[in-house]
Amino acid sequence: MTSRKLFHCIVALLILAGIGLGWLRHSRMGIPFLPGTHRPVWLAEARIDFIAQGEPVTVSLDLPDNPPGFSIFSEQAASPGYGFSILDNKGLRRGEWSIRYASGPQTLYYKLQVIPIPRGKTDEGGPPAEIEPIYWNAPEALAAGQLLEKAYAMSSSPESMTRELIKLLNKPEPGQNAALLLGETPLAPLLAKLLNYARIPTRIVLGLRLEDGRRNQQLSPLIEIHDGRHWRQFDPLTGVEGVPDDFLLWHQDGQSLLEVRGASHSTIRFAMMRQSIAATQLPYAVGDRSPLAFLGPQSLPVEEQNMLRMLLILPLGALVVVFMRIMVGVRSSGTFMPILIALSFLQTTLLPGLPSFVAIVALGLLLRGYLSRLNLLLVARIATIVIIVIFIILFSSLLGYQLGFNTGMTVAFFPIIIIAWTIERMSILWEDEGSREVLVQGGGSLLVAVLAYLLMRWPLMVHLSFHFPEINLITVALILMMGNYTGYKLSELRRFRALFPRLGP
Amino acid sequence: MRWLVGLKQLQELGILGMNCRNIDFIGRYNRRSLYQLVDDKLRTKELAKRHGIPMPRLLFTLKEQHRVKHIGNLLESMSEFVIKPCKGSGGKGILVIGGREGEFFVKSSGAKLTLQDIQRHMSNILAGLHSLAGTPDTVMIEERIELDGRFEGYSYQGIPDLRVIVFQGYPVMAMLRLATRDSDGKANLHQGAVGVGLDLATGQCLNAVQRTLPLQRHPDTGKAFTDIEVPNWRELLVLTSRCYEMTGLGYLGTDIILDRQRGPLLLELNARPGLSIQVACGFGLLPRLRRVESLRKKHACAEDRVAYALSVLGAMNGKHATEMAP
């Protein structure tokens with residue numbers, strides 16, 4: 001009985017592999033289990049205005065590189081007449097617009113779509129550079145020194161000192177020292193200057209606070225200090241540590257955010273909007289290069305994808321056939337002919353498909369009846385039927401067109417050979433077993449085909465079988481299990497019904 | 001939930017279902033490579049000759065389409081013959097000619113066929129119309145069986161044939177199949193032939209059904225089934241039992257026909273015998289099959305196996321079936 005054990009192991013393994021891989025794909029690549037799931041996408045737009053003065057203009061804008069908590073889904077620049085390219089310098093990207101001649105007010109756009117993702121380990125950037133010497137004028141130096149002394153006394157570490165300093169500067173009535181310093185320098189640069197003065201490596205990063213439908217926004221600053229091991233971010237207004245969830249980090253390195261050469265009065269403003277996008281489109285757009293993505297059919301060109309979509313849904317049809325034949329005991333003509341019929345229904349849809357299929361086969365059967373009198377060889381007969389079927393399809397298409405239905409045309413989607421073979425089989429069946437058997441087997445085939453069609457068209461199944469190809473491992477396991485079923489078919493209740501009264505009490 | 005109860009009842013009756021037959025019996029006891037011995041009737045004939053098992057005499061065979069044109073000369077002198085496809089199944093493509101009427105060939109039903117009809121039929125057979133997988137086939141022309149007088153009136157047109165299921169050499173169940181007007185002279189139960197379940201111990205009628213309905217008399221000839229008794233029952237079973245050694249197939253359907261002069265003849269063998277025999281007999285095959293399976297030491301010779309079948313398996317009739325199952 002070890003072979004049975006092995007069999008059960010294989011079945012269990014297939015099911016586990018199917019579920020496991022599916023789960024992995026779901027959790028790692030974010031493909032939803034249900035179709036039609038949408039995920040939010042933020043559209044951020046930077047608008048640069050300047051006045052050109054009739055000379056060559058170069059505009060260089062720092063672009064978000066790898067913002068923590070977001071994944072860049074798409075980006076594009078809209079700028080008529082301007083050349084645009086993205087320069088990548090060791091991971092630091094800048095967008096550069098250039099034009100030979102421009103004059104008057106100019107507007108450039110840069111659009112970016114980002115998807116919120118779970119915040120992983122942030123890319124910290126390198127260790128801090130050597131702090132450059134800081135120069136104050138005399139009153140400032142005195143004020144800064146006193147302010148820092150106060151913060152230093154109330155703190156124990158670089159980060160607590162930062163917090164204290166932020167508090168001191170943001171008091172409703174700042175002291176004289178703070179007021180003096182704030183009068184000279186805005187808050188964020190002042191904080192950076194003070195902290196660097198206190199030998200705590202500090203820099204300012206700029207980012208966008210994402211709020212739906214906001215326009216004319218500016219980037220807001222965060223203070224980053226290096227505590228000896230990591231960079232840590234603080235909000236310069238509240239002192240709260242960390243990057244807020246809705247904060248899209250835009251500008252991190254020391255260079256300027258915007259550089260405009262050959263023009264004046266340059267300004268930059270941001271607008272943003274919340275959109276949503278079908279979740280299934282995301283993982284591939286993001287450019288996941290993991291082995292799971294490699295094994296997904298989505299990495300293929302769209303045309304191949306459509307063919308694969310068809311192939312990957314087929315096992316479900318096979319499952320239906322196996323179930324209907326083994327468990328229910330429906331008789332169909334040809335083992336897998338129903339799947340092929342169901343596939344044609346997928347093309348034609350059920351309503352025009354089913355009646356026209358039945359009509360064509362019935363008409364073909366009539367003509368085939370005459371053909372059998374001509375005393376032809378089998379191969380020649382089938383070939384003749386193929387041609388007859390082509391004519392039937394041609395006429396029904398023409399008729400449909402003339403009468404104004406375009407459903408007539410959909411008939412052409414039925415694979416000719418499937419129809420021809422069905423007609424041939426049915427007519428042999430008719431001769432051998434009589435018309436009743438034709439109805440039983442033909443009806444059985446259609447029933448199985450319709451059930452397979454319904455399952456293969458169910459959006460959930462279409463979605464699962466395409467985005468989680470491993471689900472077919474479970475289908476195989478189910479088929480294997482049914483292949484092992486030695487119990488009765490439902491139809492055998494009917495078949496052996498003559499035996500029942502005998503049992504008695 | 002009525003159907004659940006029904007499934008339970010089938011189990012209690014020991015009915016062998018299609019899935020169980022395919023997996024537990026055909027799959028386990030019939031080697032695939034042996035199928036061709038029974039699927040090709042010419043090979044069966046050859047094999048039967050070597051083992052001394054009587055079959056209807058082969059007159060000639062036809063393998064090529066072009067010979068069909070000249071078949072008229074060969075058939076000229078013949079008035080009674082049977083045309084069969086070599087690889088047919090379930091009685092498909094069998095044409096019985098019972099006499100001549102001038103130009104015409106007369107079927108056993110009385111229908112008249114021209115030489116052209118016969119030629120078309122042969123050509124269809126050669127093209128594989130009736131063969132199992134639709135592959136090109138050979139035509140066999142056999143002598144016609146003369147009905148044993150004791151079965152006169154039990155069959156409408158066709159000749160009654162006996163189906164015996166032989167499991168590992170043990171005959172386990174038997175029935176007589178009688179053609180009716182409804183079945184168009186064919187002896188297939190699903191086409192409306194009458195199935196008469198036979199008592200394995202005696203060869204007497206147990207029960208008769210047509211399309212799952214029990215009946216007492218033949219619907220066309222009106223002859224009562226109750227006094228059917230197959231002659232030379234033991235010898236007939238020995239004949240079926242020897243087919244096991246002949247083919248090596250563990251689960252086998254043997255079709256026997258009773259000729260007036262030659263006695264029981266093997267008509268054909270079937271590696272996938274149907275399940276309707278259970279309806280004809282009124283009880284399931286499973287207990288008998290399991291009983292044979294449980295035999296620790298199988299009998300080596302056909303006579304001993306038949307003796308066992310007659311005494312032990314034959315006693316497992318009807319209701320006792322489940323009680324006596326091991």
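**The interface between the chains**

Begin by selecting chain A and chain B together: 28 residues of chain B are in contact with 23 residues of chain A. Next, colour the elements of chain B that each give two or more residues to this side, namely helix 1 (2-12), helix 2 (18-29), helix 7 (115-127), strand 11 (213-214) and helix 9 (277-281). Helix 1 of chain B provides the largest share, six residues. If the side of chain B that touches chain A is then coloured by class, 14 nonpolar, 10 polar and four charged residues appear. Please bear in mind that this is a predicted model; the predictor gives the complex an ipTM of 0.80 and a pTM of 0.72.

**The domains of chain B**

Now hide chain A and select residues 15-36 and 148-324 of chain B, which form domain 1, followed by residues 58-142, which form domain 2. Taken over C-alpha atoms, the centres of these two domains of chain B are separated by 28 Å. Their contact draws six residues from domain 1 of chain B and four residues from domain 2 of chain B. On the side of domain 1 of chain B that touches domain 2 of chain B, there are one nonpolar, four polar and one charged residues.

**The sheet of chain B**

The next selection is the open sheet of chain B, in which seven strands follow the order 11-10-9-8-7-12-13 with antiparallel pairing. At its edges stand strand 11 and strand 13 (263-270) of chain B; each has a single partner strand, so one side of each is left without a neighbour in the sheet. In general, strands of a sheet pair through backbone hydrogen bonds, either parallel or antiparallel.

For one pair in detail, select residues 161-167 (strand 7) and residues 251-259 (strand 12) of chain B, two antiparallel strands joined by seven bridges. Label B:Ile165, then find its bridge partner in strand 12 of chain B, B:Gly253.

**Confidence along chain B**

Colour chain B by pLDDT: the mean is 88, and 96% of the residues of chain B reach 70 or more. Among the elements of chain B, the highest mean pLDDT, 95, belongs to helix 8 (residues 233-247), and the lowest, 43, to helix 12 (residues 320-324). Select residues 319-326 of chain B, where pLDDT stays under 50; the model has 17 contacts beyond four places in sequence for this stretch.

**The domains of chain A**

Finally, show chain A again and select its domain 1 (36-129 + 201-293), domain 2 (138-200) and domain 3 (297-492). The C-alpha centres of domain 1 and domain 3 of chain A lie 54 Å apart.

Definitions and conventions
Residues are numbered from 1 along each chain as its sequence is written. Chains are lettered from A and ligands numbered from 1 in the order in which they are written. This is a predicted model: local features need pLDDT of at least 70, side-chain atom pairs count only at pLDDT 80 or more; totals for chains, interfaces and linings use all residues. Two residues are in contact if their C-beta atoms, placed from the backbone, lie within 7 Å. Helices (H or I, at least four residues) and strands (E, at least two) are DSSP runs, numbered from the N terminus. Ala, Val, Leu, Ile, Met, Phe, Trp, Tyr, Cys and Pro count as nonpolar, Asp, Glu, Lys and Arg as charged, and the others, Gly among them, as polar. Domain bounds come from an automatic or database domain assignment. pLDDT is the predictor's confidence in each residue, from 0 to 100. Two strands pair if DSSP finds at least two bridges between them.
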